[in-house]
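Visitor: I would like to go through this model with you and ask, at each step, what justifies the words we use for it. Could you show it to me before we begin?

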Amino acid sequence: MNLGSFIYGNLLRRPARTLLTISAISLGIAAVVSLTSISWGFEQSWQKANDARGTDLIVTRMASENTLPSTFPAEEPRRLLLTLPHVREVVGLFSTLLSVSDTAPPVFVFGWEFHSYLWDHLKLAEGRWPERDNEPVAMIGSTASAVLGKKVGDEVSIEGHRIRVIGIFESSAMVENGALLLTLTQAQAATEKSGKVSVLNIKLDAGATEADSVSLRNAVREKLPGFSAITSGELVRSNAIVALSKAMSGATTLIAGLVSALIVFNTMLMSISERTKEIGVLMALGWNRQAILKLVCAESALLAGAGGIVGILLGTGMARFISRMDLVRGKIEPIISLPFLVLVLVFSTVLGVLGGVYPARKAANLSPAQALRQE
Amino acid sequence: MSSLVEAVNVGMEFDDGNVRALNGLSLDIEEGGFVALTGPSGCGKSSLLSIIGSLEVPSSGELRYRQVPYGNLGELAAFRRTHIGFIFQGFHLIPTLSALENILVTTFGSAASARDSLHRATEMLDNLGLNQRRNHLPAQLSGGERQRVAIARALINDPELILADEPTGSLDSKSADEVLDLISDIREKRGITVIMVTHDSAAAARADRIVRLRDGQVEPAGAKEHL
């Protein structure tokens, strides 16, 4: 027999209360796990999409902090950017979120300059690529194809324009797999935003250094008022939705943490109150304050740890379930990393110990004789 | 015989001095003795036992263990664990622990290894005829069996002093006799000092010295033959 089996027995003694406590903690932890993994997944989906394209810098409107940057006429900025040192290529990109059929959820629609480097990382899974810039056709990502139920030869409706799907592609970025892809000219025409782009992608020449990149960013700020040249990571981090989802995840963590600690606090306080005589007996038998503290804190930690494990399993399941919903599928892949889950488990256990500190101190400070007299 | 516990002019007050459980009590308990503390309800028997067991600190006077004041004994929890065994009227076994575990719970923090403690506890249960009941919970044991487990728990750390508070108070007469036989036997074989609080004159008669308390003081002529 050891302290562990004693603690285990104490928790099993009141199965309903133990189960309710674990359930309440696990719900809080599940919210933390699911929301955080989705928030990170959202951020990384966009990061991956930008990285996969091989873009060095992205020029966007400075105020563009929406989910998708607001569009702007590309011609002037493009001409100016091409005059700056080390700029090898400037490519327009258009992106929007649209419903392309009556029944399906909205999908991302991208317009990429025909024959630009943006297309290089895509793999053709079925059908063919567009043959010219003004060909009124669309490519569809493999996930979007499954979500929308569209295959090669089917039509999609973009802002009332019926466009035929001629190929299915695969990308290393989930956001692209869940999207429709048109040439930039076609996307602009279909959305009646001729000449406009969401961002301009800059590819630098091979000899460009970090210092050159910094100079270029300064030059953009100086010569293109209202625009900024940023990295894909900065673009994602400045995104309002990413920032909001991270803030929500942080707030949920804080609230779930406080609630979990309070639940453990309440449970252990009740448990101590009911077991006052038992604690008196242990003290009479030679258990000292530290042993009583250890007993109560370990019970609290075990409760919260169990709640943490159940919460992690629940939260992971919730995140996966949410990512498979049609509305989200192909847009966000939750990031569930082992270090994060270990951290969550440690977090919940530490909260449990904190919630148990006061009840433990209360128990340890009992006078053995008074505790034994308790009815 | 040398003195094991010595109380000198000990007072014990509760409720801001409104209740006086012990009133300048002086008593000397010799090593190896079997002392019965008797007296009417409220005379201070249990308070005296609590103070001797270091569960409470007296309001006044001094208590010594082998001539050492209790205040100089170091950590009192460790003192209780190594020197004193308690037997309670209501058994006070932990309901979630088996008979064997209830004995072992006393060995937490002791110098003995877990293996030695297990061996010793098993041997004790064998000697007490409880080998077949070792994995039973207290609720599955009879009153007599529970008290025997409690006695084994009190003895597991090899104490010098057993403090028994009405050990037969919750038992039928047959079980009470068995428990008193056991306590007498242990005391004789191990030379352990026993202080037993009892209302029962038959139980008190088992002791070799009877100390009668009244109003928080020892009544004169406390020896058994004077009763």
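Guide: In this predicted model, A:Leu124 stands opposite A:Phe169, a residue of β8(A).

Visitor: What makes strand β5 of chain A and strand β8 of chain A a pair?

Guide: Two strands count as paired if at least two bridges are found between them. Strand β5 (residues 123-127) of chain A and strand β8 (residues 161-170) of chain A are joined by four bridges and run antiparallel, so the requirement of at least two bridges is met.

Visitor: Which other strands of chain A pair with β8(A), and in what sense?

Guide: Strand β6 (residues 137-141) of chain A pairs with β8(A) in the parallel sense over five bridges, and in that pairing A:Ile140 has A:Ile168 as its bridge partner. Strand β7 (residues 155-158) of chain A is joined to β8(A) by four bridges and runs antiparallel to it, with A:Arg164 as the bridge partner of A:Glu155. The hairpin of β7(A) and β8(A) has two residues between the strands, and A:Glu159 takes a positive phi near 50° there.

Visitor: Why is the contact of A:Glu274 and A:Arg17 called a salt bridge?

Guide: The term asks for a side-chain nitrogen of Lys or Arg within 4 Å of a carboxyl oxygen of Asp or Glu. For A:Glu274 and A:Arg17 the distance, N to O, is 2.6 Å, so the pair satisfies the rule. A:Glu274 belongs to helix α9 (residues 240-274) of chain A and A:Arg17 to helix α2 (residues 15-52) of chain A, so the salt bridge ties together parts that are 257 residues apart in sequence. Over all chains, the count by this rule comes to 29 salt bridges.

Visitor: How many salt bridges does the rule find across the interface of chain B and chain A, and which residues meet there?

Guide: The rule finds one salt bridge across that interface, where the side chains of B:Glu56 and A:Arg373 meet at 3.0 Å, N to O. Set against the limit of 4 Å, this Arg and Glu pair therefore qualifies. Between chain B and chain A there are also five residue pairs in polar contact, both residues being at pLDDT 80 or more.

Visitor: What do the contacts and the buried area say about the interface of chain B and chain A?

Guide: Of chain B, 21 residues are in contact with 23 residues of chain A, and the two chains bury about 1,900 Å² between them, 69% of it on carbon and sulfur atoms.

Visitor: What makes β2 and β5 of chain B edge strands?

Guide: Chain B has an open sheet of four strands in the order β2-β1-β4-β5, with antiparallel pairing. β2 (19-30) and β5 (68-69) of chain B each have a single partner strand, so one side of each is left without a neighbour in the sheet. Strand β1 (residues 3-14) of chain B pairs with β2(B) over eight bridges in the antiparallel sense, and B:Ser3 has B:Glu30 in β2(B) as its bridge partner. Helix α1 (residues 45-52) of chain B packs on this sheet and touches β1, β2 and β4 (60-65) of chain B, its direction making about 60° with that of β2(B).

Visitor: Why is the pairing called mixed in the sheet of six strands in chain B?

Guide: Strands of a sheet pair either parallel or antiparallel. The six strands form an open sheet in the order β6-β7-β8-β3-β9-β10, and its pairing is mixed. Its edge strands are β6 (84-87) and β10 (217-218) of chain B, each pairing on one side only. One parallel case is strand β7 (residues 161-165) of chain B, joined by five bridges to strand β8 (residues 193-197) of chain B, where B:Val194 is the bridge partner of B:Ile162.

Methods
Residues numbered from 1 in each chain as written. Chains lettered and ligands numbered in written order. Predicted model: local features only at pLDDT ≥ 70, side-chain atom pairs only at ≥ 80, totals over all residues. Heavy atoms only, no water. Contact = heavy atoms within 4.5 Å. Buried area = accessible area lost by both parts, 1.4 Å probe. Polar contact = N/O pair within 3.5 Å; in protein donor to acceptor, adjacent residues only side chain to side chain. Axes fitted to C-alpha atoms, helices over the stretch in contact; angles between N-to-C directions.
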